[in-house]
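Thanks for sharing this one; I enjoyed going through it. My notes follow, kept short so you can check each against the model.

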2 protein chains.
Amino acid sequence: MTSQRRVVAEVLDGEHVHLTADEVHARAVAKLPEISRATVYNTLGELVSLGEVLEVATDKRAKRYDPNAHQPHHHLVCARCGAIRDVHPTGNPLADLPDSERFGFTVSDVEVTYRGVCPNCAGG
Amino acid sequence: MTSQRRVVAEVLDGEHVHLTADEVHARAVAKLPEISRATVYNTLGELVSLGEVLEVATDKRAKRYDPNAHQPHHHLVCARCGAIRDVHPTGNPLADLPDSERFGFTVSDVEVTYRGVCPNCAGG
DNA sequence: GATTGACTTGGACTGAGTCCAATGTAGGAT
DNA sequence: ATCCTACATTGGACTCAGTCCAAGTCAATC
Ligand SMILES: [Mn+2]
Ligand SMILES: [Mn+2]
Ligand SMILES: [Zn+2]
Ligand SMILES: [Zn+2]
């Protein structure tokens with residue numbers, strides 16, 4: 001456990017955020033000025049491998065890193081500003097995929113992304 | 001309607017494929033050797049705007065272009081080889097997101113991506 | 001045949017991410 | 001306390017997907 005890794009973990013800890021790697025880097029630099037982008041990517045990759053952090057690809061640009069890995073959840077994304085909320089739909093979408101629609105796959109996971117417009121962007 | 005656009009439309013027509021822009025370009029070049037990448041991107045963008053083609057981001061690399069835009073469906077992706085199948089789960093995931101989980105958003109769309117291992121990759 | 005505006009082209013450019021050789025360092029061994 | 005070594009970190013070059021743009025082409029109209 002190096003100071004670099006500790007700083008990356010601290011950045012992700014606490015709030016339920018969905019930061020890009022560069023946002024993580026910017027916040028890490030605030031605490032440890034010389035930390036490099038490469039180390040942030042390495043550490044994020046390790047956290048993902050350990051299952052401590054999830055990668056989410058809600059927009060089609062940068063991946064986002066989600067520290068809320070232990071409570072299964074899905075995402076609601078604003079199509080205008082990109083805001084992301086964790087959501088917990090009822091029902092189990094895996095159960096909604098009949099065998100006849102599995103084509104012999106062993107299905108292990110499902111990601112659900114809701115899209116819409118957030119109250120801010122709706123100009124309420 | 002130029003010959004370039006016609007060729008891009010032809011590449012996407014027919015089978016239910018999920019090609020990347022560069023794969024579309026490669027197949028287009030086979031029919032019209034001098035067609036440029038820029039034109040393929042332009043044409044794909046227009047088809048997407050017109051609602052004739054969908055962009056899907058099942059893997060975290062290149063976007064894929066899906067000509068099956070008129071029948072709503074979701075995707076089942078092999079985590080090993082990237083194979084993509086169209087699937088039609090039962091139930092409506094929008095109905096599974098209660099108002100209390102909408103946070104004031106106007107939710108208009110939902111994407112479901114199932115992940116697993118295809119029969120080929122399972123080494124059956 | 002000239003004009004014109006839309007379409008196409010190639011190449012430069014960007015953003016996100018990966019890779020790598022060189023350097024630094026934590027912490028166990030002596 | 002010092003030395004060693006395996007591992008972590010660094011910066012920069014590189015890749016890949018995609019965007020942008022100025023210049024060139026082309027087809028339709030006049
Ligand atoms: Mn989340
Ligand atoms: Mn499809
Ligand atoms: Zn918004
Ligand atoms: Zn497979």
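**Notes on the two metal sites**

1. Let me start with one cysteine in this predicted model. B:Cys81 has a relative accessible area of 47%, so it counts as partly exposed. By contrast, B:Cys118 is buried, at a relative accessible area of 6%, since the cut-off for buried is under 20%.

2. Both cysteines belong to the site of the zinc ion (ligand 4), whose protein donors are the SG atoms of B:Cys78, B:Cys81, B:Cys118 and B:Cys121, at 2.3 to 2.4 Å from the metal. Along the chain, these donor residues follow the spacing C-x2-C-x36-C-x2-C. The pair B:Cys81 and B:Cys118 links distant parts of chain B, 37 residues apart: B:Cys81 sits in the loop between β4 (74-78) and β5 (84-87), and B:Cys118 in the segment after β6 (106-117).

3. Why is the arrangement around the zinc ion (ligand 4) called tetrahedral? The angles subtended by its four donor atoms run from 105 to 115°, and that makes it so. For reference, the ideal angle for four tetrahedral donors is 109.5 degrees.

4. Chain A offers a second site to look at, that of the manganese ion (ligand 1), with A:His18 (NE2), A:Asp66 (OD), A:His73 (NE2), A:His75 (NE2) and A:Asp86 (OD) as protein donors, 2.0 to 2.3 Å away. Their sequence spacing reads H-x47-D-x6-H-x1-H-x10-D. Here too a pair links distant parts of the chain: A:His18, in the loop between α1 (3-12) and β1 (19-20), and A:His75, in strand β4 (residues 74-78), are 57 residues apart.

5. Are A:His18 and A:His75 buried or exposed? Both histidines are buried.

Note on methods
Residues are numbered from 1 along each chain as its sequence is written. Chains are lettered from A and ligands numbered from 1 in the order in which they are written. This is a predicted model: local features need pLDDT of at least 70, side-chain atom pairs count only at pLDDT 80 or more; totals for chains, interfaces and linings use all residues. Side-chain values use heavy atoms; hydrogens and water are left out. Donors are N, O and S atoms within 2.8 Å of the metal (3.2 Å for Na, K and Ca); water is not among the atoms, so sites may look incomplete. Helices (H or I, at least four residues) and strands (E, at least two) are DSSP runs, numbered from the N terminus. Buried means under 20% relative accessible area, exposed over 50%, partly exposed in between (1.4 Å probe, protein chains only). Four donors count as tetrahedral if all angles lie between 85 and 135 degrees; four count as square planar and six as octahedral if opposite donors are over 155 degrees apart and all others between 65 and 115; anything else is irregular.
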